[in-house]
Amino acid sequence: MKEYIQSIYPQDEMLEKVRAGIIEQGMPEISISAGFGRLLSMLVKLSGAKQVLEIGALGGYSGICLARELAKDGKLVSLELKQEYADVAKKHLTEAGLGDLVEYRIGDAKDSLVLLEKEERKFDFFFIDADKENYPLYLEWALKLGNPGAIIAADNTLMRGRTYDESIDSPTVQAVRRFNEQLAQDDRLQSTLLPAFDGISLAMIK
Ligand code: MG
């Protein structure tokens with residue numbers, strides 16, 4: 001199936017270069033899949049998002065997918081724990097001609113989120129793809145910093161099946177379960193969890 005889908009889409013040379021660059025740097029090969037990247041680009045375009053917040057930059061693969069469809073005067077703020085990862089991501093976005101659209105905030109995302117609130121920043125789109133233990137917290141922040149109608153997308157919410165494997169009860173799994181349950185049940189959100197790739201959660205703030 002994967003090969004079939006890959007075969008019908010023209011190679012995205014820029015994104016393939018980024019994937020290779022991430023391997024070259026010895027960074028973890030956990031970028032989103034090409035199909036999820038295309039979905040993110042479509043959602044940014046469809047929603048007309050101007051202010052996008054990404055939690056977890058890694059090497060800039062998803063950053064490119066988000067930034068390339070930003071509305072005019074749009075901006076991507078990307079939170080990344082590690083300076084060296086943010087440097088790689090910045091390099092990749094610059095090579096893609098998107099460097100001016102992105103602002104990296106380095107350090108613990110929790111601290112960056114507090115600062116963004118102090119700066120009274122608001123966002124139209126959130127992409128969560130960072131440490132899973134803090135997914136519930138990141139969701140709370142998205143609700144706090146999100147404009148009405150804002151989209152929230154999150155990666156890895158099925159955790160290769162661990163999320164729904166009742167014999168597993170690690171803090172990480174518990175956190176993702178809490179995240180999924182809130183997404184499904186919170187009256188402030190309209191949402192869906194797609195069993196594609198490693199679990200794609202999509203929500204909209206009402
Ligand atoms: Mg991920």
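Select helix 2 (residues 13–24) together with helix 4 (61–67) and helix 5 (83–95): the buried residues of helix 2 pack against these two helices. Helices (H or I, at least four residues) and strands (E, at least two) are DSSP runs numbered from the N terminus, and contact means heavy atoms within 4.5 Å. This is a predicted model, in which local features need pLDDT of at least 70 and side-chain atom pairs count only at pLDDT 80 or more, while totals for chains, interfaces and linings use all residues. Residues are numbered from 1 along each chain as its sequence is written, and side-chain values use heavy atoms, with hydrogens and water left out.

Stay on helix 2 and show Leu 15, Val 18, Gly 21 and Ile 22, which are buried. Buried means under 20% relative accessible area, exposed over 50%, and partly exposed in between (1.4 Å probe, protein chains only). These four cover an arc of only 115° around the axis, so they lie on the same side of helix 2; the arc is that of the directions from the helix axis to the C-beta atoms. Glu 13 and Glu 24, on the other side of helix 2, are exposed. Continue to Gly 26, which follows helix 2 and has a positive phi, near 75°.

Next, select the open sheet of 7 strands, with the order 3-2-1-4-5-7-6 and mixed pairing. Two strands pair if DSSP finds at least two bridges between them. Strand 3 (102–106) and strand 6 (189–194) are at the edges, each with a single partner strand, so one side of each has no neighbour in the sheet. Neighbouring strands are turned by 15° against each other on average, direction ignored. Axes are lines fitted to C-alpha atoms, for helices over the stretch in contact, and angles run from 0 to 180 degrees between N-to-C directions.

Within the sheet, pick strand 5 (residues 146–155) and strand 7 (residues 200–205), which pair in the antiparallel sense over 5 bridges. Asp 155 stands opposite Ile 200 in strand 7.

Add helix 3 (residues 34–47), which packs on the sheet and touches strand 4 (123–128), strand 5 and strand 7; its direction makes about 170° with that of strand 4. Then add helix 7 (residues 135–145), which also packs on the sheet, touching strand 1 (51–55), strand 4, strand 5, strand 6 and strand 7. The direction of helix 7 makes about 160° with that of strand 5.

Last, centre on Leu 116 in helix 6 (residues 109–118). Leu 116 is buried, with a relative accessible area of 0%. Not counting residues up to four places away in sequence, Leu 116 touches Leu 53, Val 77, Leu 79, Arg 105, Arg 121, Phe 123 and Leu 145.
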